[in-house]
Amino acid sequence: MSAHNLHNALLRPPIIQILRAQGFHSTRPSVLETLTDLTGRYLMILASSTAAHAANAHPDDPSPVLEDIYQALQDAGALRPQLREWEEEWEGEEDLRGLNSLIGWITGPAHREIRRIAGFVPSEGDMIDPDAVEKEDYLTALKKKHSKTGEESRYAGTVLGKHAEETPLIIEGGAPSIHEWSVQVRSRALHSPASDTSGVSSAPSNISSHGDDMEV
């Protein structure tokens with residue numbers, strides 16, 4: 001599976017849950033694919049803008065910080081309403097209406113309804129461990145829901161799990177690793193006769209010995 005297909009597959013469930021939380025109970029596959037693609041493009045815009053701001057603001061350590069994300073959200077139009085910089089300077093204070101609106105959506109009933117529809121916030125009458133409520137991220141909870149054993153080992157070494165420890169790969173035929181096998185191949189190529197460098201194998205001895213007796 002290519003990176004594009006994998007990312008789209010991971011984005012589809014959240015898009016479906018958001019649509020359900022907004023009252024939609026069905027949609028065409030083409031509509032879902034379009035919304036998923038638009039969401040992916042929007043996230044890429046946010047990520048690339050954040051990286052650009054980090055590289056410009058502190059090139060010695062380009063790891064993004066909160067200010068870089070804040071500026072990227074402004075660039076993408078996620079913080080509205082929002083005064084421009086010269087307007088903020090004229091007013092003498094920073095305009096936080098857009099940021100407060102975004103935080104209000106994340107912590108408010110709309111986002112909670114999305115989490116309830118997705119099954120991560122208990123509905124009335126549900127029995128659930130209170131210590132686990134709203135403490136797990138979406139992907140972790142989704143993996144547990146679709147795992148029969150509930151173990152993380154099946155995802156180890158993949159993009160969905162933790163990094164797996166590197167183990168040597170034993171190759172049949174005596175080579176203990178791919179590196180040793182490549183060394184042996186290079187060594188045989190260096191010590192092989194010049195006549196064999198063309199890649200054509202030499203003829204068997206029982207044929208070459210009678211080569212003079214063969215008619216052309």
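Tutor: A crossing is right-handed if the near helix is turned clockwise from the far one by less than a right angle. Keep that in mind for this predicted model.

Student: Which hand does the crossing of α2 and α3 have?

Tutor: The crossing of α2 and α3 is right-handed.

Student: Why are α2 and α3 called oblique to each other?

Tutor: Helix α2, residues 29-57, packs on α3 at an angle of about 130 degrees. Roughly perpendicular covers 65 to 115, and roughly antiparallel needs over 145. The angle of about 130 degrees fits neither class, so α2 and α3 are oblique.

Student: How far apart are the axes of α2 and α3?

Tutor: Their axes lie 8 Å apart.

Student: What makes this a contact between α2 and α3?

Tutor: Contact means heavy atoms within 4.5 Å. On the α2 side, Leu-46, Ser-49, Thr-50, His-53, Ala-54 and Ala-57 take part. They meet Asp-68, Ile-69, Gln-71, Ala-72, Leu-73 and Asp-75 of α3. By class, this contact holds 6 nonpolar, 4 polar and 2 charged residues.

Student: Where else does α3 appear?

Tutor: In the lining of the second largest pocket, to which α3 gives the most, with 5 residues. Both α3 (66-75) and α4 (85-91) supply at least two lining residues.

Student: What is the volume of the second largest pocket?

Tutor: About 290 Å³. Of its 13 lining residues, the closest to the centre are Gln-74, Leu-83, Arg-84, Glu-85 and Glu-88.

Student: How many residues of each class line the second largest pocket?

Tutor: The lining has 7 charged, 4 polar and 2 nonpolar residues.

Conventions
Residues are numbered from 1 along each chain as its sequence is written. This is a predicted model: local features need pLDDT of at least 70, side-chain atom pairs count only at pLDDT 80 or more; totals for chains, interfaces and linings use all residues. Side-chain values use heavy atoms; hydrogens and water are left out. On a 1 Å grid over the protein atoms alone, a cavity is a set of points where a 1.4 Å probe fits but cannot get out, and a pocket is an open set with protein on both sides within 12 Å along at least five of seven lines; lining residues have an atom within 4 Å of a point. Grid points are joined across faces, edges and corners, and a volume is the space filled by probe spheres set on the points. Helices (H or I, at least four residues) and strands (E, at least two) are DSSP runs, numbered from the N terminus. Ala, Val, Leu, Ile, Met, Phe, Trp, Tyr, Cys and Pro count as nonpolar, Asp, Glu, Lys and Arg as charged, and the others, Gly among them, as polar. Axes are lines fitted to C-alpha atoms, for helices over the stretch in contact, and angles run from 0 to 180 degrees between N-to-C directions. Angles under 35 degrees count as roughly parallel, over 145 as roughly antiparallel, 65 to 115 as roughly perpendicular and the rest as oblique.
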